[in-house]
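Biologist: Please pick one part of this model and take me through it closely. Start from a single side chain and work outwards.

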Amino acid sequence: MPHSFSIFETLMLLCFACSWPISIYKSLKTKFVLGKSPAFEAIIILGYIFGIIHKLVNDFDIVTFLWIFNLMLVSFDLILYYRYAHRNRKTLGEKFDHS
C-alpha cells in the first residue's frame, strides 16, 4: 500500500514556497533589505529544521522535500539580508550625514 501524505501540509508548504521567492526577488532587485527581520527569518528556519526532523523521524514522505526546499529558500533570503544590510546602513548613514 503506498504511503499517503497530508494534502493540507503540502498546500501549506506550497504557499510558503510561492511567497519566499517574492521576498528573494525583491531583495535581489532592490538590494535593500532593512525592512526585513533577520530574527524572524531565523525563527522560521528553526521551525523548518524542527519540521524536517519530525518528517525524518516520524513521518518521512515526499512532502519532506518541500520542507527542505522551503528551508533553502528562507535561508537564501537570510543570506541576502546579511549580504546587503551593511551596505544599506552605510548608504543610509551617508545620506543622513550630508543633510
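**A close look at one ring and beyond**

Modeller: Tyr-48 has a relative accessibility of 5%, so this residue counts as buried. Buried means under 20% relative accessible area, exposed means over 50%, and partly exposed lies in between; the probe is 1.4 Å and only protein chains are considered.

A word on the numbers. This is a predicted model, in which local features need pLDDT of at least 70 and side-chain atom pairs count only at pLDDT 80 or more, while totals for chains, interfaces and linings use all residues. Residues are numbered from 1 along each chain as its sequence is written, and side-chain values use heavy atoms, with hydrogens and water left out. The term pLDDT is the predictor's confidence in each residue, from 0 to 100. For the protein chain the mean is 92, and 93% of the residues reach 70 or more. Helix 2 has the highest confidence, at 97, and helix 3 the lowest, at a mean of 92. Helices here are DSSP runs (H or I, at least four residues), numbered from the N terminus.

Now the neighbours. Leaving out residues up to four places away in sequence, Tyr-48 touches Leu-13, Phe-16, Trp-20, Trp-67, Asn-70, Leu-71 and Val-74. Contact means heavy atoms within 4.5 Å.

Next, the rings. The whole structure holds three aromatic pairs. One of them joins Tyr-48 and Trp-67: the centres are 5.9 Å apart and the planes stand at 80 degrees, so the pair is edge-to-face. This pair bridges distant parts of the chain, with Tyr-48 in helix 2, Trp-67 in helix 3, and their positions 19 residues apart. Rings of Phe, Tyr and Trp (its six-membered ring) pair if their centres lie within 6.5 Å; planes under 30 degrees apart count as stacked, over 60 as edge-to-face and the rest as tilted. Trp-67 is buried too, with a relative accessible area of 13%. Tyr-81 and Tyr-82 form another edge-to-face pair, 5.2 Å centre to centre and with 90 degrees between the planes. Here the partners differ in exposure: Tyr-81 is buried, at 6%, but Tyr-82 is exposed, at 55%.

Step back to the core. The largest nonpolar core has 19 residues, and Leu-13, Tyr-48 and Trp-67 touch the most other members. Helix 1, helix 2 and helix 3 each give at least two residues to this core. Helix 3 gives the largest share, ten residues. A nonpolar core is a set of buried Ala, Val, Leu, Ile, Met, Phe, Trp, Tyr and Cys residues joined through side-chain atoms within 4.5 Å. In soluble globular proteins, nonpolar side chains tend to be buried together.

Charged side chains can be buried here as well. Lys-55 is buried, at 1% relative accessibility. Glu-9 is also buried, at 16%. Their side chains meet in a salt bridge of 3.1 Å, N to O. This bridge links Lys-55 in helix 2 to Glu-9 in helix 1, 46 residues apart. A salt bridge is a side-chain nitrogen of Lys or Arg within 4 Å of a carboxyl oxygen of Asp or Glu. Lys-55 also forms a salt bridge with Asp-61, with the closest N and O atoms 3.1 Å apart. Shared partners join Glu-9, Lys-55, Asp-59 and Asp-61 into one network. The whole structure has four salt bridges.

Another of these bridges joins Lys-36 and Asp-77, at 2.7 Å, N to O. Lys-36 sits in the loop between helix 1 and helix 2, Asp-77 is in helix 3, and the two are 41 residues apart. Both Lys-36 and Asp-77 are buried. For Lys-36 the relative accessibility is 19%. Lys-36 has a second partner: a polar contact of 2.4 Å joins its side chain to that of Ser-27. A polar contact is a pair of N or O atoms within 3.5 Å; within protein, one must be able to donate a hydrogen and the other to accept it, and residues adjacent in sequence count only if both atoms are side-chain atoms. Ser-27 belongs to helix 1, residues 7–30, and is buried, at 1% relative accessible area.

Last, a contrast. Ile-62 lies in the loop between helix 2 (38–58) and helix 3 (64–97). Ile-62 is exposed, at 56% relative accessibility.
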